[in-house]
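Q: Please take a close look at one part of this structure for me, in words that a first-year student can follow. Once that part is clear, please use it as a starting point for the rest.

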Amino acid sequence: MPAEEMGKLSDRLRLTFAVSTVLCVLVLAISPVKDYRAEWKQYKRSFVRFAQGRPDTKRLLADYSPNIDQVWLPGMNVTDRCTTCHQGVSQPSLAEASVPQPFRAHPPIPHNVRDWGCTICHRGQGPATEVAEAHETTLAWEKPILPAHYLQASCGSCHQANIKETPQLVRGRELLAYLNCQGCHKLAGLEHPALGPDLSSVGYKVSREWIYKWLKEPRTVLDKDGNITVNGYESGDESRMPKFRLKEEEIKALSGFLSVQKAKPIETYKIPPGVVAAWSKNPELISQGEVRFRQMMCTTCHPLSVTRAGETKLIGGNIGPELTKVGTKVNELWLIAWLRNPKGYLEHANMPRYGWSDEDLYKVSQYVMNKLTDSDLLTNIPQLGAATDEEVKMGKRLFAEKGCASCHSLNGLGTQKDFGPDLTALGGKNASELEFSKAKIQHNLVSYIQTKLQDPVSVNPAARMPEYSWNQADLEAVTTALLSQTGPAPTSALQHLVLAKKDASFQPVGAFAELYERYKCYACHKFDGYGGTLAPDLSYEGSRAQKKWIAEFLQNPQTIRPTLILRMPQFNMSEQNAGIVADYLALAVQKPDIDPTSVDAKQLTPQMAAMGKQLYEVKYQCQSCHTIGGTGGYVGPNLNNAGNWLTTAWIEAWLRNPQALQPDTIEPRRNFTEDEIRALTAYLMTLRTGIKQQNTKNAANGSTSGQGAGR
Amino acid sequence: MIRKPAMVAFLVGSVLCAAWLSGCKKTAAVTPSQAFGSYDTEPDWNDATKLISLGYEESQGRRVFYQYCVWCHADATPAGPSNRSNVTPTPALMNDGEKLNGESDEYMQNIITLGGSALGKSAMMPPYGKTLSPDEIKQVIAFTRAIAQPAYQKPGRPGSQYATKP
């Protein structure tokens with residue numbers, strides 16, 4: 001190398017340096033460019049452009065910052081950056097559906113986004129700053145956002161008591177309890193299993209053939225095409241017995257095993273031969289039996305299927321089992337014993353013990369055995385004969401293995417603990433924790449739950465879970481309820497947010513307690529939050545109704561609400577028993593803040609009543625909902641007998657504020673003045689069927705005396 | 001100078017690479033999938049096979065409607081026949097767009113809150129202002145708008161402070 005060239009760079013080296021410098025700069029530039037083009041920054045800028053195109057730019061951009069926006073609530077484990085892109089979340093002017101997402105305002109809800117964050121309800125990844133990572137399952141982050149349709153599940157994670165704003169969740173929880181899911185699974189908020197019938201003495205009740213049929217196809221009412229349209233979910237009244245995937249020999253073994261279960265002989269009752277002789281040849285026997293069956297309002301609890309114009313429908317309540325084909329099912333001796341005393345056969349029966357005359361018992365049982373039948377029901381059943389020892393042994397093993405014992409108790413075989421998986425934390429599971437087997441479904445929790453509910457084997461070939469037939473709405477409701485089972489609160493700090501369910505109980509005492517149990521008042525009526533929902537809440541019945549009226553009503557219930565199909569059954573209650581119930585309700589089942597002496601009936605003058613009539617008919621037009629005489633609406637109860645039925649104190653309290661007495665009543669609260677209230681009360685107290693002769697059935701025992709209205 | 005083309009290729013490659021690194025995320029953005037489905041649905045009253053999707057507010061309105069209003073403002077109720085035929089003048093069906101689309105939200109709110117007689121209409125429509133909260137009343141109106149046939153269109157007021165610029 002010549003000396004003059006020492007220290008000089010060759011062209012090649014220069015080029016190398018130049019290129020590497022440019023490269024260095026470029027590489028360094030990648031990071032800022034990437035940062036500038038970050039997804040969330042694009043949304044930030046596009047929000048500014050969007051706001052500038054609107055007239056209220058200034059307000060929309062008032063607290064704009066170009067940085068990541070974050071709701072940080074350490075106490076609740078919330079770090080939500082959702083508002084970085086969802087910048088209009090709390091801008092009321094952006095509520096329109098025409099506002100493009102992600103800028104639309106959140107609909108007003110009781111929980112403010114600044115105090116609660118987003119992921120508490122919507123789930124998804126709070127800290128994520130990219131659309132995919134925030135909303136969907138990615139490799140790094142698994143929890144996807146909860147589909148809007150199942151959002152009520154999140155309400156249920158904290159609100160363990162039902163709230164009115166979440167009908168879908170409430171329905172789902174109802175179904176979980178109704179179908180006794182907690183028999184096999186552990187579920188939060190469902191501790192008490194709703195048992196199916198005790199099978200200890202089932203051999204006396206049904207034949208082996210019927211058990212065989214039932215195990216094969218637990219729905220017995222089919223439409224003309226042979227499809228199950230009733231007692232399947234389409235009617236809303238699923239038979240609680242699901243369908244198990246049993247092999248032929250398993251069904252034979254189980255039916256054999258059950259047919260020999262005769263632990264406790266039935267209390268046979270022989271209908272006096274005189275009654276039988278008088279009626280058995282009478283052509284009216286069956287039709288009179290049907291009339292009694294209808295009069296006693298059996299259909300208030302038990303549905304019957306009715307086919308009209310090719311469409312099969314179940315009509316009636318769903319408290320008791322469907323009875324369309326029960327005559328082919330049960331043994332006549334058992335039926336008579338059951339009707340006389342349900343508790344004699346089944347300790348936890350929900351069926352009231354009616355007071356029967358021998359004649360009625362004979363007529364109704366003959367009607368049930370001869371008319372509610374289906375001669376085709378058992379035709380395709382193989383001749384089974386008596387069960388062999390082997391079948392009984394195998395049946396006993398299957399009874400435990402298949403989980404029958406989870407719902408049905410049977411002598412010597414108790415329920416199995418933790419038969420199915422614990423589901424208390426199912427709603428918080430990640431897709432990777434679930435088994436999808438070969439099912440061709442999306443790998444996420446919602447589709448897993450729905451597939452499992454519809455076809456348990458498809459996601460787990462070894463599943464023991466039986467099959468249910470759901471309609472779409474119920475499937476979604478149950479899915480919502482299961483998604484709400486998110487286990488204990490994620491951190492102990494969150495535990496205080498959980499609103500526990502109140503334990504309701506109503507413990508009557510004395511002679512009434514016995515009657516309460518005998519007539520199963522709680523199957524339909526609620527007392528202090530405990531009991532059924534079919535009939536009016538009776539927690540304040542003593543404040544509402546007059547004692548005399550209660551006693552008369554119990555002996556001869558009539559319809560207060562004109563459109564009701566499901567009505568109070570005719571218990572054939574004795575005068576003495578009706579008196580005991582009326583006494584107890586009138587004295588012990590009261591609303592403490594209604595003072596029965598607050599209104600003196602003597603103050604109510606005919607002038608007041610005349611003014612009340614004017615108010616009722618002209619100013620307030622109450623007849624739009626209530627019936628007096630033959631005219632008026634069908635929404636509220638008819639007031640024909642209000643003077644004998646209601647207490648003055650109750651009417652006044654009710655007119656002041658109906659919701660205070662019955663929170664979900666639809667009668668609106670009005671602006672009545674005290675004078676108007678007094679006048680309306682005076683008018684209502686003059687309404688008595690004894691005078692008006694409206695309710696012919698009740699007229700006989702309706703009071704005609706002009707005694708004071710207040711007790 | 002034999003390696004010059006290789007250099008150029010490398011340069012071009014690195015620039016492309018940088019562009020890709022910074023721009024790749026744009027294509028990865030997700031499109032709204034089933035995960036963003038509607039909150040609730042209501043079958044079209046005239047055509048039960050058609051489902052109208054409801055947002056949160058409309059769905060709450062649906063709940064209020066089926067508790068308080070359905071008895072007179074629909075032809076069938078969940079509990080059997082409706083009371084509509086017993087009331088004169090006959091109440092409007094809640095999905096009757098021809099009748100209700102012309103009424104403003106404010107008017108609807110007033111008639112629900114104050115009742116018919118306060119607005120010179122039938123006293124058979126009772127006031128619900130003390131029974132329902134203002135939010136619930138708004139929700140019922142939102143539900144009415146959602147199920148309206150013909151469909152409800154918010155009155156456009158071009159040039160007013162509520163209009164969006166194109």
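A: **Strands E3 and E4 of chain A**

In this model, which is predicted, strand E3 of chain A, made of residues 304-308, pairs with strand E4 of chain A, made of residues 311-315, in the antiparallel sense and over five bridges. To find one of these bridges in the picture, look for Leu304(A), whose bridge partner in E4(A) is Ile315(A).

Following E4(A) along its length, you can see that the side chains alternate between two faces. Thr312(A) and Leu314(A) point to one face and are buried, whereas Glu311(A), Lys313(A) and Ile315(A) point to the other face and are not buried. Ile315(A) therefore appears twice in this account, as the bridge partner of Leu304(A) and as one of the residues on the face of E4(A) that is not buried.

A helix of chain A can be read with the question of sides in mind as well. In helix H19 of chain A, residues 445-454, the buried residues are Leu445(A), Val446(A), Tyr448(A), Ile449(A) and Lys452(A). They lie on the same side of H19(A), because the arc that they cover around the axis is only 165 degrees. What these buried residues pack against is helix H20 (456-459) and helix H21 (472-483) of chain A.

Another helix contact in chain A is best approached through its geometry, since two packed helices are described by the angle between their axes and the distance between the axes. The axes of helix H11 (residues 248-259) and helix H18 (residues 389-401), both of chain A, come within 7 Å and cross at roughly 100 degrees, which means that H11(A) is roughly perpendicular to H18(A). Among the residues that meet there are Leu254(A), Phe257(A) and Leu258(A) from H11(A), together with Val392(A), Met394(A) and Leu398(A) from H18(A). Sorted by class, the contact holds eight nonpolar, two polar and four charged residues.

To place these parts in their chain, note that chain A has 32 helices and eight strands, and that 34% of its 711 residues count as buried. Of the contacts in chain A with a separation of 6 or more, 67% are between residues 24 or more positions apart.

Chain B has five helices and four strands, which run α-β-β-α-β-β-α-α-α from the N terminus on, and buried residues make up 28% of its 166 residues.

Methods:
Residues numbered from 1 in each chain as written. Chains lettered and ligands numbered in written order. Predicted model: local features only at pLDDT ≥ 70, side-chain atom pairs only at ≥ 80, totals over all residues. Axes fitted to C-alpha atoms, helices over the stretch in contact; angles between N-to-C directions. Parallel < 35°, antiparallel > 145°, perpendicular 65-115°, else oblique. Contact = placed C-beta atoms within 7 Å. Nonpolar A, V, L, I, M, F, W, Y, C, P; charged D, E, K, R; others polar. Buried ≥ 20, exposed ≤ 12 C-beta atoms within 10 Å, placed from the backbone. Arc of directions from axis to C-beta. Pairing = 2+ DSSP bridges.
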